[in-house]
Amino acid sequence: MSSHTATVTKGAPEPQGPPIAEPARPRGLRGHPWLTLLTVALGVTMVALDGTIVAIANPAIKQDLGATLAEVQWITSGYLLALAVSLITAGKLGDRFGHRQAFLFGVVGFAVASAAIGFAPSVSLVVTFRVFQGVFGALLMPAALGLLRASFPAEKLNAAIGIWGAVIGASTAAGPIVGGLLVEHVSWESVFFINVPVGVLALGMGLAFLLGHRAEKAARSFDLPGIALLSVAMFCLIWALIKAPEWGWGDAGTLGFLAVALVLFAVFALWETRAREPLLPLSMFRSVPLSAGTVLMVLMAFGFMGGLFFVTFYLQNVHGMSPVESGLHLLPLTAMMIVSSPLAGAVITKVGPRGPLVAAMVITAVAMFGLSTLDAGSGTLATSLWFALLGLGLAPVMVGATEVIVGNAPIEHAGVAGGLQQAAMQVGGSLGTAVLGAVMASRAGGVVGEKWAEAGLPPLEAQQAEQLEDAAAVGFAPPAPAGTPEKIADLMASVVHDAFISGMGLAFTCAGIVAVLAAGIAVFTKRGAHDAEPAVHV
């Protein structure tokens, strides 16, 4: 096994990337780096799109299949739970058997599960196949990063991850637009059927272009106790975060699941120090940059996903936009992420991740504080400005933090590192949605009664006041009673909207503070610096 060590002299520029395993010479088109990127981008598009596209289809599914609200919520929760729980284990499978095999298996499974959902006659089967979607999505996401790291030379890896990040950002943000168009003009089933041709194309390209890689020092056994402990711990954590808005943060159920998750994570960490071939080698976290990159990814997703959660309520309930219209108003965010992700990759390749990541989180903080100033009268120009600035700040973090995590992990743990990166995003997104949603709801519910009284509106009974607080938490002004004068009805709606905006402003302020904290974490990031490891082709 050959290795090399870089010598850094005083005043010399930072090394131009992690000295990873030398990519194999392409056999014709197979193994070509850019064709590899195009192929994995197709697979990743399916998973990222399904994270947000289904929310638009849920009302139609509820009506068509006669589902309850709780059953409809499971359509989203089941997918997110399966994805989050499986990511690190799925990454380990890619390290063990090869990332090409894991990616192709994930693509096929995801497409088949999508088709099965479209034909499902009951909501219980929809939920079941959504869980399968999450598991297969977890297989292909870390494998995609593993393939990129093995296929691209160090000096081009950031550029590749930049494009990869742009695909994820664009797919996530495009979900409401695509979903709205399909549900409105075709059917809710088409939201899932669209994955079938994409999956077939990704499978064909994968068979033709992907070259299998597996590190020579890859694990030869599975840490089954570690898999069980981590899976149950992740389930308890994500489940608590999903249910906290409904149950309440002080509820015994929420606190119980969080406590079980904490205990299991501690037991898992203890076990990993004793396992012969651990699922997640804790030695990886001796790398300060890798640990910082993981925390940074959690904090970035906290603000991004949490912010998007109530921005959609703002656009649809306060401004009265349709789902498609609200998606179109998020285009400045999407477009800026698409444009700036590859540019961020190029800049990070040239100067290293630390400076760009610190600057990006500062820009993100400015955007969050700017969004906290929006009100019911804010026009398209103001919202577009802050959305575009948010996209400009998020893109370098998506690219840079991913490279820091994957690049600072040993090549034989590239799949696990990819799973860790995705798991950090899922945890951060769930945490942001739960925490910022709770902050918003608490503030909106707390001030709506005061604003109602200040407006001189008639006093409310206890049940009516509770319903008003629930309405303010999502910015939806309930219809005024029949016979209410138009001026009074408008005043009622204005009170609800003002209370919601007060809560949204506080939530965005909290997100801005988190972004400032993340900028401090970004100071500890740097390029990967591992010796090259030989790889075998599978």
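**View 1. Ala 455 sits in the loop between helix 15 and helix 16.** We start our tour of this predicted model at a residue outside the helices on either side of the loop that holds Ala 455. With a relative accessibility of 27%, Ala 455 counts as partly exposed. Setting aside neighbours within four places in sequence, Ala 455 is in contact with Leu 491 and Val 495. You can also look for Ser 494: this residue is 39 residues from Ala 455 along the chain, and the two C-alpha atoms are separated by 9.7 Å.

**View 2. Helix 16 covers residues 462–474.** From the loop we move on to the helix itself. Helix 16 has 13 residues and reaches 19 Å from its first C-alpha to its last, close to the 18 Å expected at 1.5 Å a residue. Which residues of helix 16 are buried? They are Leu 468, Ala 471, Ala 472 and Ala 473. These buried residues pack against helix 15 (414–454) and helix 17. After helix 16 comes Gly 475, with a positive phi near 75 degrees.

**View 3. His 497 is a buried residue of helix 17.** Gly 475, met just after helix 16, turns up again here as a contact of His 497. The other residues that His 497 touches are Asn 317, Val 318 and Ala 477, not counting residues up to four places away in sequence. Is His 497 buried or exposed? Its relative accessible area is 15%, and the cut-off for buried is under 20%, so His 497 counts as buried.

**View 4. Ile 501 shares helix 17 with Ser 502.** Helix 17 runs over residues 486–522, and Ser 502 has its place there. Ile 501 counts as buried, at 10% relative accessibility. Leaving aside neighbours within four places in sequence, Ile 501 is in contact with Tyr 314, Val 318, Leu 374, Asp 375 and Ala 376. Val 318 may look familiar, as His 497 touches Val 318 too. One of the contacts of Ile 501, Leu 374, is 127 residues away along the chain, yet the C-alpha atoms of the two are separated by 7.5 Å. For Ser 502, the residues touched are Arg 443 and Val 447, again not counting residues up to four places away in sequence. Gly 250 is a more remote landmark for Ser 502: the two are 252 residues apart in sequence and 23 Å apart in space, C-alpha to C-alpha.

**View 5. Thr 402 is buried within helix 14.** This view takes us to residues 380–407, which form helix 14. How much relative accessible area does Thr 402 have? The value is 0%, and Thr 402 is buried. Around Thr 402 you can find its contacts Leu 145, Ile 161, Trp 164, Met 297, Val 397, Gly 407 and Gln 421, leaving aside neighbours within four places in sequence.

**View 6. Val 72 belongs to helix 2.** Helix 2 covers residues 69–97. Val 72 is buried, with a relative accessible area of 7%. Beyond its neighbours within four places in sequence, Val 72 is in contact with Asn 58, Lys 62 and Ala 67. Ala 438 is 366 residues from Val 72 along the chain, and their C-alpha atoms are separated by 21 Å.

**View 7. Helix 3 is mostly covered.** Helix 3 takes in residues 99–119. Of its 21 residues, 15 are buried. How far apart are the end C-alpha atoms of helix 3? They are 30 Å apart, which agrees with the 30 Å that 21 residues should span at 1.5 Å a residue.

**View 8. Stepping back, the whole protein comes to 17 helices and 2 strands.** The radius of gyration is 24 Å, close to the 24 Å that the globule rule gives for 538 residues, so the protein is as compact as a globular protein of that length. Taken along the principal axes, the C-alpha atoms fill a box of roughly 80 × 60 × 45 Å. Of the 538 residues, 54% count as buried. Among contacts between residues at least 6 apart in sequence, 86% join residues at least 24 apart. The accessible surface comes to about 21500 Å², and 68% of this belongs to carbon and sulfur atoms. There are 25 positive and 30 negative side chains, and the centres of the two sets lie 18 Å apart.

Key. Residues are numbered from 1 along each chain as its sequence is written. This is a predicted model: local features need pLDDT of at least 70, side-chain atom pairs count only at pLDDT 80 or more; totals for chains, interfaces and linings use all residues. Side-chain values use heavy atoms; hydrogens and water are left out. Helices (H or I, at least four residues) and strands (E, at least two) are DSSP runs, numbered from the N terminus. The radius of gyration is taken over C-alpha atoms; the globule rule is 2.2 Å times the number of residues to the power 0.38. Buried means under 20% relative accessible area, exposed over 50%, partly exposed in between (1.4 Å probe, protein chains only). Contact means heavy atoms within 4.5 Å. Accessible areas come from the Shrake-Rupley method with a 1.4 Å probe; for residues, only the protein chains shown count as cover. Lys and Arg count as positive and Asp and Glu as negative; His and the chain ends are not counted. The place of a charge is taken as NZ of Lys, CZ of Arg, CG of Asp or CD of Glu. The expected span of a helix is 1.5 Å times one less than its number of residues.
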